[in-house]
Amino acid sequence: MPTATLTLTSADIAGDPVNVSQTSTCYKAGSGSEVLDQSTGLTKIILTTASAMTIIPSEHTLGSGLNAKVYIANNSTSPDEYITVKVYNQIIGKLYAGQWMFFPWTQLDANSDIIINASSAGKSMPIEYMLMHEGHAFA
């Protein structure tokens, strides 16, 4: 059963200590019991260029109303290395060394590629990613 867990603990992020833990099970759209059962598999790559790279292309055309989740991690250990994550031409964030993101994705048109850019060329940044979904048709 695919689940995602986030735990945030800090003594100084706010006026009072913060301790939050949330777990989410990845269900099919409109279902409280059927879990996502398809995946691209966990892909591991090494970025050595600052050029844009499409990691989840528009060919993963999800059917209307279907659910999908995307996981991306920057496994670098160098604090100055980051990747910029975009959906088509919209930047959604930067992942610095050791950071990861997990977000819902609905791809309904050809302008929904998930693209990453490394912060600089000549590095060897280990990145991993996965698309978990309930179905798609390759365009």
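# Exercises on an all-strand chain

Ala-29 sits in the loop between β2 (18–25) and β3 (38–39). The model is predicted, so local features need pLDDT of at least 70 and side-chain atom pairs count only at pLDDT 80 or more, while totals for chains, interfaces and linings use all residues. Residues are numbered from 1 along each chain as its sequence is written, and side-chain values use heavy atoms, with hydrogens and water left out.

## Exercise: a loop residue

Work out whether Ala-29 is buried, partly exposed or exposed, and how many Å separate its C-alpha atom from that of Leu-66.

- Start with the cut-offs: buried means under 20% relative accessible area, exposed over 50%, and partly exposed in between (1.4 Å probe, protein chains only).
- Ala-29 has a relative accessible area of 36%, so it is partly exposed.
- Now look along the chain: Ala-29 and Leu-66 are 37 residues apart, yet their C-alpha atoms are separated by 5.6 Å.

## Exercise: the strands

Find how many helices and how many strands the chain has.

- Use DSSP runs: helices are H or I with at least four residues, strands are E with at least two, and both are numbered from the N terminus.
- That gives zero helices and 13 strands.
- Next, pick a loop: Tyr-88 lies between β8 (82–87) and β9 (90–96).
- Check its backbone: Tyr-88 has a positive phi of about 55°, although it is not a glycine.
- With 38% relative accessibility, Tyr-88 counts as partly exposed.

## Exercise: the charged network

Identify which residues are joined into one network by salt bridges that share partners.

- Here's the rule: a salt bridge is a side-chain nitrogen of Lys or Arg within 4 Å of a carboxyl oxygen of Asp or Glu.
- The structure holds two of them.
- Lys-28 pairs with Glu-34, and their closest N and O atoms are 3.9 Å apart.
- Lys-28 also pairs with Asp-37, where the closest N and O atoms are 3.3 Å apart.
- These bridges share partners and join Lys-28, Glu-34 and Asp-37 into one network.
- Compare the accessibilities: Lys-28 is buried at 19%, Glu-34 is partly exposed at 44%, and Asp-37 is exposed at 52%.

## Exercise: the core

Which residues have the most contacts inside the largest nonpolar core, and which strand supplies its largest share?

- Recall that a nonpolar core is a set of buried Ala, Val, Leu, Ile, Met, Phe, Trp, Tyr and Cys residues joined through side-chain atoms within 4.5 Å.
- The largest one has 20 residues, and Ile-72, Ile-83 and Ile-114 have the most contacts inside it.
- Several strands each supply at least two residues, including β4 (43–47), β7 (68–74) and β11 (114–118).
- The largest share, four residues, comes from β12.
- A second, separate core has six residues, among them Cys-26, Leu-36, Tyr-71 and Met-130.
- Zoom in on Ile-114: leaving aside neighbours within four places in sequence, its contacts (heavy atoms within 4.5 Å) include Met-53, Val-70, Ile-72, Val-85 and Trp-105.

## Exercise: the whole chain

Work out what percentage of the residues count as buried, and how much accessible surface the chain has.

- Of the 139 residues, 37% count as buried.
- Accessible areas come from the Shrake-Rupley method with a 1.4 Å probe; for residues, only the protein chains shown count as cover.
- The chain's accessible surface comes to about 7,800 Å², and 51% of that belongs to carbon and sulfur atoms.
- Finally, take the contacts with a separation of 6 or more: residues 24 or more positions apart account for 71% of these.
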